[in-house]
Amino acid sequence: MIDKTDRKLLSLLQEDSTLSLQELAGAVNLTSTPCWKRLKKLEDNGIIRRRVTLLDGEKLGLGLTAFMFVKTRQHSKAWYQIFSDLINGLPEVMGCYRMAGEYDYLLRIQVADMKSYDALYKKLAESLDGLTEVTSSFAMEEIKYTTAIPLSV
């Protein structure tokens with residue numbers, strides 16, 4: 001179980017993962033060693049999965065965000081493994097979720113333009129048997145984007 005101090009550390013790291021151990025320790029009124037031990041425990045328990053740098057896709061020429069909804073008639077373990085391996089090998093797929101409801105899967109895709117999206121779509125369609133429907137929506141404007149999990153501190 002995590003306490004208020006752990007939550008504060010996690011909130012600080014979600015905002016800026018480049019904070020030094022000394023800065024983190026000071027912000028939660030700890031010395032460096034107990035702070036490091038807390039961080040190590042959070043990592044060992046898988047609460048902190050990794051530390052990354054967030055990039056601006058549009059400034060890097062990857063300004064098209066698409067959401068692809070997929071239906072399939074295949075639900076075998078073997079098909080799922082093929083699908084998972086394919087999706088995990090496509091860097092343009094930023095997120096993939098198995099869904100309850102009308103569609104089986106939801107993919108969040110980041111590409112340069114419609115031509116790039118079409119190439120990805122064709123790769124999926126050619127590589128996967130059993131797709132019954134693929135529907136996509138395209139983001140016109142990003143109003144909110146965060147990777148921070150809401151924590152009550």
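Helices and strands are named here as DSSP runs, with a helix holding at least four residues and a strand at least two, and they are numbered from the N terminus. With these names in hand, the reader can go through this predicted model by way of two of its helices and a cavity.

Helix α3 covers residues 32-44, and its 13 residues reach 18 Å from the first C-alpha to the last, close to the 18 Å expected at 1.5 Å a residue. Within α3, the residues Cys35, Leu39 and Leu42 are buried. Seen down the axis of α3, these buried residues fall within an arc of 60°, and so they line one face of the helix. What covers the buried residues of α3 includes α1, residues 4-15, and α2, residues 21-27. On the other side of α3, by contrast, Lys37, Lys41 and Asp44 are exposed. After α3 comes Gly46, whose phi is positive, near 80°.

Further along the chain, α5 spans residues 114-127, and it can be read in a similar way. At 1.5 Å a residue, its 14 residues should span 20 Å, and this agrees with the end C-alpha atoms of α5, which are 20 Å apart. The buried residues of α5 include Tyr117, Leu120 and Leu124. Viewed down the axis of α5, its buried residues fall within an arc of 65°, so they line one face of the helix. The covering of these buried residues includes the strands β1, β2 (93-98), β3 (105-111) and β4, together with the helix α4 (77-88). The face of α5 turned away from its buried side carries Lys115 and Glu126, which are exposed.

Helix α5 also leads to the cavity. How many cavities of 30 Å³ or more does a search of the whole structure find? The search finds 1 such cavity, and about 60 Å³ of space lies in the largest cavity. Its lining is made up of Met68, Val70, Phe83, Leu107, Tyr121, Leu124, Ala125, Leu128, Leu131 and Val134. Leu124 therefore appears twice in this account, as a buried residue of α5 and as part of the lining of the largest cavity.

Which elements supply the lining of the largest cavity with at least two residues each? They are β1 (64-72), α5 and β4 (131-138), and the largest share, 3 residues, comes from α5. By class, the lining of the largest cavity has 10 nonpolar residues, with no polar and no charged residues.

How values were computed
Residues are numbered from 1 along each chain as its sequence is written. This is a predicted model: local features need pLDDT of at least 70, side-chain atom pairs count only at pLDDT 80 or more; totals for chains, interfaces and linings use all residues. Side-chain values use heavy atoms; hydrogens and water are left out. On a 1 Å grid over the protein atoms alone, a cavity is a set of points where a 1.4 Å probe fits but cannot get out, and a pocket is an open set with protein on both sides within 12 Å along at least five of seven lines; lining residues have an atom within 4 Å of a point. Grid points are joined across faces, edges and corners, and a volume is the space filled by probe spheres set on the points. Ala, Val, Leu, Ile, Met, Phe, Trp, Tyr, Cys and Pro count as nonpolar, Asp, Glu, Lys and Arg as charged, and the others, Gly among them, as polar. The expected span of a helix is 1.5 Å times one less than its number of residues. Buried means under 20% relative accessible area, exposed over 50%, partly exposed in between (1.4 Å probe, protein chains only). The arc is that of the directions from the helix axis to the C-beta atoms. Contact means heavy atoms within 4.5 Å.
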